[in-house]
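Q: Please take a close look at one part of this model, the surroundings of the loop threonine near the C-terminal end of the chain, and set it in the context of the whole fold.

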Amino acid sequence: VMTKLSESQLVNSYRGKDGGFMIAKEPSEIKLKDIVDIFSNESPHQCIYGDGSICSQKTKCTLHDKWQNSKESINESFLNTTIQELLN
């Protein structure tokens, strides 16, 4: 987890006896979406059914339209929430 965060430049890593990790940006500059995107293995269009297929407006699964609103709402929340807000 920390290696991926370091590779994404959200934390800095320090080696040695007094080493460790330190946040690389101000908490107000880090959006939840920045973190979620690092660990998400899914395509943004991967089907909710989880069978690996791709959903789009042209090739919709039966839940596509119902899930789309929820997915957009979750994405909006991640995009508009910072680490700073979680600390308050």
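**Thr-81 and its setting**

A: Of the 88 residues in the chain of this predicted model, 16% count as buried. The chain contains 4 helices and 2 strands, arranged from the N terminus as α-β-β-α-α-α. Contacts between residues at least 6 apart in sequence include 44% that join residues at least 24 apart.

Thr-81 is located in the loop that runs between helix 3 (64-79) and helix 4 (83-87). The relative accessible area of Thr-81 is 19%, so this residue counts as buried, the cut-off being under 20%. Leaving aside residues up to four places away in sequence, Thr-81 touches Ile-30, Lys-31, Leu-32 and Leu-86. For one of these partners, Leu-32, the separation along the chain is 49 residues, while the C-alpha atoms of Thr-81 and Leu-32 are 5.9 Å apart. The side chain of Thr-81 also places a polar atom 2.6 Å from the backbone oxygen of Ser-77.

Two of the residues touched by Thr-81, Ile-30 and Leu-32, belong to the largest nonpolar core. That core has 7 residues in all, and its other members are Leu-5, Leu-10, Val-11, Ile-38 and Ile-83. The contacts of Val-11, again without residues up to four places away in sequence, are Met-2, Leu-5, Ser-6, Phe-21, Met-22, Ile-23 and Ala-24.

Phe-21, one of the residues touched by Val-11, lies in strand 2 (residues 20-23). With a relative accessibility of 45%, Phe-21 counts as partly exposed. Together with Val-1, Met-2 and Phe-39, Phe-21 makes a nonpolar surface patch of about 380 Å². Over the whole chain, the exposed area is about 6800 Å², of which carbon and sulfur atoms supply 51%.

Charged side chains complete the picture. The structure holds 1 salt bridge, in which the side chains of Lys-33 and Asp-37 meet at 3.0 Å, N to O. Side chains of opposite charge can pair when their charged atoms come close. Lys-33 and Asp-37 are 4 residues apart in helix 2 (residues 32-39), and therefore about one helical turn separates them. Lys-33, at 21% relative accessibility, counts as partly exposed, and Asp-37 is likewise partly exposed, with a relative accessible area of 43%.

Conventions: Residues numbered from 1 in each chain as written. Predicted model: local features only at pLDDT ≥ 70, side-chain atom pairs only at ≥ 80, totals over all residues. Heavy atoms only, no water. Buried < 20%, exposed > 50% of the residue type's maximum accessible area, 1.4 Å probe, protein only. Contact = heavy atoms within 4.5 Å. Areas by Shrake-Rupley, 256 points an atom, 1.4 Å probe, with all protein chains shown as cover. Patch = residues over 30% accessible without salt bridge, like charges linked within 9 Å, V, L, I, M, F, W, Y side chains within 5 Å. Salt bridge = Lys/Arg side-chain N within 4 Å of Asp/Glu carboxyl O. Polar contact = N/O pair within 3.5 Å; in protein donor to acceptor, adjacent residues only side chain to side chain. Core = buried A, V, L, I, M, F, W, Y, C linked by side-chain atoms within 4.5 Å.
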